[in-house]
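Morning, everyone. I'll put the structure up and then walk through it piece by piece.

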Amino acid sequence: MAKSGMKTRKKQRLLVMITGIVVLFAAVFLVLFAMGKDSLSLFLQPSGVQERQMEPGRHFRLGGLVAMESYSKAEDGLTHQFTVTDCVVDVPVVFKGLLPDLFREGQGIVSEGALNEDGVFVATTVLAKHDENYAPPGTMPTNTDACVHPGG
Amino acid sequence: MNEIVNTGDYSGYIALSYGIVTVVLLAVAVFSKLGQQKARKEAEALKALRKSRVEDF
Amino acid sequence: MHIFANPARFVRLADKIMPWAVVVFIGTLGYGLYLAFFDSPIDYQQGESVRIMYVHVPAAWMSMFTYMVIAVSSFVALVWRHPLAQIAGKAAAPIGAAFTALALVTGALWGKPMWGTYWVWDGRLTSVLILFFLYLGYMAIWQAMDDEEKAGRAAAILALVGSVNIPIIKFSVDWWNTLHQPASVMRLDGSTIDGSMLWPLFMMAIAFQAYFVIVFFWRMKLEIDRRKIAVLRLQEVSGS
């Protein structure tokens, strides 16, 4: 009698625990998805910038790929100009400062700043994103278009 | 994403990474082992004390 | 489950596994470090800094693995009141906290030269920082409450509630825009790490896993002895 009582109590605890965990997980993930991709993301992509019609002077983070053959350095050697694209919309960027080591055309970047009146993003910081590929030199195919992934 | 190998000197960052990993993992291991030895000795001492009391009766 | 129910039997099993774990640890650590430093190529973009990955990624994996150990043992402890499960979480927590701290620190040391910053509040980095605080909170509950039984139950509930963070860490890089790169090894379409870099990574991952087994067994024995001491002291006081 006592033993079967123990068993039902264990079963009860098991049921309560499983229900609790399922409800908790469901609640947390519902909240996360209700908050949406934008509010939990580190940066806006160029399409998002256009969609939201970000007004000049408003501070935000812009992320995307540095378009191929868009990079140029001004004569002072410190002012960099390039275009950030998500392959749909392009945003011109100007940045004065030191670029991180991984910065190059075709690379993902995340940059902080604001648009000016001409629609140019004036960046105060530029961070370089690394992608998921790790390979020795000379083994990765070269690409001429930032929007076409080599080999896939 | 085109190939440009960064040739910068990262030895400071690499040395610091491996150094911190070594120190932290070693510290956790040593504290755990020392704690375990101390607890074992104390448990054995208590057991021996109890045994001797029982024998005294 | 019953095999593990008996502490004496667990200690015997642990003592049997221990020498093997030590052999695996020394072997894979030695070979892994040799590969990481002398027999693996530099990365086509990161250059030499790719070598930090060989400690960063195993530490990050182990931070999540250890949390899973704590979550599962918390579940078993709450439902079945299993004495070994109650201490397994307590024994594992400091090891997991160390792994998490190391993942954060080595990541920052790689991020500074590559990304251009030590830290950024993106989905991945933030969720791993939360994991670290969960470990601290879990250990603090064990420390703060005198009644071991109650402390264990409160800590177990925290561990289970916090387990919701594990899938968030894993998928943060897919769900949201992050600075941190997406998964390279654990992905459906196969690893995107070259074979010459996967070997040192796997060797180091096995070494970290063996390290966990060794230190976890030490800490389990420590906790088992501490409970024994408490019982013996109590008997001493009550004079039985």
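In which sense do strand S5 (residues 108–115) of chain A and S6(A) pair, and over how many bridges? They pair in the antiparallel sense, over seven bridges. One caution before I go on: this is a predicted model.

Stay on that pair. Find A:Gly113, and look across to its bridge partner in S6(A), which is A:Ala123. Now go to the hairpin of S5(A) and S6(A). Five residues sit between the strands. Among the hairpin's residues, A:Gly119 takes a positive phi near 80 degrees.

S6(A) also pairs with strand S4 (residues 90–96) of chain A. Here the strands run parallel, joined by three bridges. To place yourself, take A:Val94: it stands opposite A:Val122 in S6(A).

Two other backbone points in chain A. A:Gln53 is not a glycine, yet its phi is positive, about 45 degrees. Where is it? A:Gln53 lies in the loop between helix H2 (46–52) and strand S1 (59–66) of chain A. Buried or exposed, then, for A:Gln53? A:Gln53 counts as exposed, because it has 6 C-beta neighbours inside 10 Å.

The other one is A:Cys87. Again not a glycine, again a positive phi, this time about 75 degrees. A:Cys87 is found in the loop between strand S3 (79–85) and S4 of chain A. With 15 C-beta neighbours inside 10 Å, A:Cys87 counts as partly exposed.

Now the interfaces. How many residues of chain A are in contact with chain C? The count is 32 residues of chain A, against 35 residues of chain C. On the chain A side, the elements giving two or more residues are helix H1 (2–40) and strand S6 (121–128). So S6(A) is back, this time at an interface. H1(A) gives the most to that side, with ten residues. By class, the chain A side has 20 nonpolar, five polar and seven charged residues.

Chain B touches chain C as well. There, 29 residues of chain B are in contact with 32 residues of chain C. The chain B side divides into 16 nonpolar, seven polar and six charged.

On to chain C itself. It has seven helices and zero strands. Its C-alpha atoms fill a box of roughly 70 × 40 × 30 Å along the principal axes. Of its 240 residues, 47% are buried. Take the contacts in chain C with a separation of 6 or more: 76% of them join residues 24 or more positions apart.

Let's look at helix packing. Two packed helices are described by the angle between their axes and the distance between the axes. Start with helix H4 (residues 123–144) and helix H5 (residues 148–162) of chain C. They pack at about 170 degrees, with axes 8 Å apart. That angle makes H4(C) roughly antiparallel to H5(C). From H4(C), the contact is made by C:Leu134, C:Gly137, C:Tyr138, C:Ile141 and C:Trp142. From H5(C), the residues include C:Ala151, C:Ala154, C:Ala155 and C:Ala159. By class, the contact has nine nonpolar, two polar and no charged residues.

H4(C) packs against H6(C) too. Their axes come within 8 Å and cross at roughly 170 degrees. H4(C) and H6(C) are therefore roughly antiparallel to each other. On the H4(C) side, look for C:Ser127, C:Leu131 and C:Leu134, among others. They belong to a contact whose H6(C) side includes C:Asn165, C:Ile168 and C:Trp175. This contact has eight nonpolar, four polar and one charged residues.

Which residues are buried in helix H6 (residues 165–175) of chain C? They are C:Ile168, C:Ile169 and C:Ser172. These three cover an arc of only 105 degrees around the axis, so they lie on the same side of H6(C). What covers them includes helix H2 (53–80) and H4 of chain C.

Last residue: C:Asn165, also in H6 of chain C. It is partly exposed, because 19 other C-beta atoms lie within 10 Å and buried needs 20 or more. Leaving out residues up to four places away in sequence, C:Asn165 touches C:Ser127, C:Ile130, C:Leu131 and C:Leu134. C:Asn165 and C:Ser127 are 38 residues apart in sequence, but 6.9 Å apart in space, C-alpha to C-alpha.

That's the tour. Over to you.

Conventions: Residues numbered from 1 in each chain as written. Chains lettered and ligands numbered in written order. Predicted model: local features only at pLDDT ≥ 70, side-chain atom pairs only at ≥ 80, totals over all residues. Contact = placed C-beta atoms within 7 Å. Helix = DSSP H or I, 4+ residues; strand = E, 2+ residues; numbered from the N terminus. Nonpolar A, V, L, I, M, F, W, Y, C, P; charged D, E, K, R; others polar. Axes fitted to C-alpha atoms, helices over the stretch in contact; angles between N-to-C directions. Parallel < 35°, antiparallel > 145°, perpendicular 65-115°, else oblique. Pairing = 2+ DSSP bridges. Buried ≥ 20, exposed ≤ 12 C-beta atoms within 10 Å, placed from the backbone. Arc of directions from axis to C-beta.
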